[in-house]
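Dear colleague,

Please find below the structure that I agreed to hand over. My findings follow it, beginning with the ligand and then turning to the helices and the backbone.

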Amino acid sequence: MATLNRVIRSAYYSPFTIRRLSDLVSDPASIRIASTPNQSPCTRITLPVSRDALGTRSVQWVFLGCPGVGKGTYASRLSNLLGVPHIATGDLVRDELASSGPLSKKLAEIVNKGQLVPDEVIIDLLSKRLEKGQTKGETGFILDGFPRTIRQAEILEGVTDIDMVINLKLREDALLAKCLGRRICSQCGGNFNVAAIDFKGENGQPGICMPPLLPPPQCASKLITRTDDTEEVVKERLRVYHDQCEPVEDFYRARGKLLEFNLPGGIPESWPKLLRALHVEDLDNKQSAAA
Ligand code: AMP
């Protein structure tokens, strides 16, 4: 598989600069664009871009989909399979919250209301994460939860050529149930779900059955829930998704990069079908045979 190492370090946050960055992106040298005097530091984004010696790269995939659909689950499994990092901007935001840094109070207010954090903040967090990965020799990525606005999508499109965007879909009542059933082990960080979903088909919607994903005994007493997984906040996050993030689906659809995937059920049923849709089932077979 081809390899690549590209990093977003910083870039300007304006359509004008996006065009300039896309002109510059073919240059493998590190690119830094000085900010104008009137620009605040947080709107400044630069891009050092690098490829490996052959000028090739690893996969650059993006997962889109409503809260609770399972982006993290499938992105993380694919990242193991393909050997590229799974980068979830929600995790970057939660790390920032946990750090009690200067941004954390403001971010907590936004996240706990189910709103999106400002584009320049999320791009800054992502840039730092990619830069750190570059120093460790990471190549390619599977992005989860980014881009979530057209502006973010334009910035990403301006600096790299995303190969594929996987749009996971699930009926809305199941999304809500999955968010409310989500549990995280405070010790090992494992993700579980206590929701037992068995919804009949109605009003043209297919029925769906998703068994719970229960924790092992050593995690059972250490489970916590995300502060933004309350019913009120999840409903707001779904509203924000339809309002601000759905246009991102159209953005990639128009570029022929969107792969729609309706989840047929729980992980055992969905995973092999997803691999087939992505044409990577052979990799999974090889990995299983080698294990
Ligand atoms: P997630 O874990 O993906 O559900 O993200 C948790 C929260 O982090 C979201 O509800 C947003 O407040 C924030 N967030 C994550 N990714 C982004 C993004 N790309 N743009 C803006 N806010 C984001």
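A residue is taken to be near the ligand if one of its heavy atoms lies within 4 Å of it. Please bear in mind that this is a predicted model.

The ligand site

The ligand is surrounded by 16 residues, of which Thr89, Arg94, Gln115, Gly145 and Gln152 are the closest. By character, this shell consists of six nonpolar, five polar and five charged residues. Helix α3, which spans residues 89–98, supplies four residues of the shell, the largest share.

Three polar contacts deserve your attention. In the side chain of Arg94, one of the closest residues, an N or O atom lies 2.9 Å from an oxygen atom of the ligand. Arg226 places a polar side-chain atom 3.0 Å from a ligand oxygen atom. Val117, by contrast, takes part through its backbone: an N or O atom there is 3.1 Å from a nitrogen atom of the ligand. Of the 480 Å² of accessible area that the ligand has on its own, the protein covers 95%.

Helix packing

How do the axes of α3 and α4 cross? Helix α4 comprises residues 104–111, and its axis comes within 8 Å of that of α3, at a crossing angle of roughly 130°. Angles that are neither under 35 degrees, nor over 145, nor from 65 to 115 count as oblique, and α3 and α4 are therefore oblique to each other. Their crossing is left-handed.

A second pair is formed by helix α7 (residues 172–181) and helix α9 (residues 231–254), whose axes come within 10 Å and cross at roughly 135°. That angle makes α7 oblique to α9. The crossing of α7 and α9 is right-handed.

Backbone features

Most residues other than glycine have a negative phi, and most peptide bonds are trans. Two places in the model depart from these patterns.

Ser100 is not a glycine, yet its phi is positive, at about 55°. This residue sits in the loop that joins α3 and α4, the pair with the left-handed crossing described above.

The peptide bond from Phe146 to Pro147 is cis, its omega being near 0°. Pro147 belongs to the loop between β6 (141–144) and α6 (150–159).

Yours sincerely

Methods:
Residues are numbered from 1 along each chain as its sequence is written. This is a predicted model: local features need pLDDT of at least 70, side-chain atom pairs count only at pLDDT 80 or more; totals for chains, interfaces and linings use all residues. Side-chain values use heavy atoms; hydrogens and water are left out. A polar contact is a pair of N or O atoms within 3.5 Å; within protein, one must be able to donate a hydrogen and the other to accept it, and residues adjacent in sequence count only if both atoms are side-chain atoms. Accessible areas come from the Shrake-Rupley method with a 1.4 Å probe; for residues, only the protein chains shown count as cover. Helices (H or I, at least four residues) and strands (E, at least two) are DSSP runs, numbered from the N terminus. Ala, Val, Leu, Ile, Met, Phe, Trp, Tyr, Cys and Pro count as nonpolar, Asp, Glu, Lys and Arg as charged, and the others, Gly among them, as polar. Axes are lines fitted to C-alpha atoms, for helices over the stretch in contact, and angles run from 0 to 180 degrees between N-to-C directions. A crossing is left-handed if the near helix is turned anticlockwise from the far one by less than a right angle, and right-handed if clockwise.
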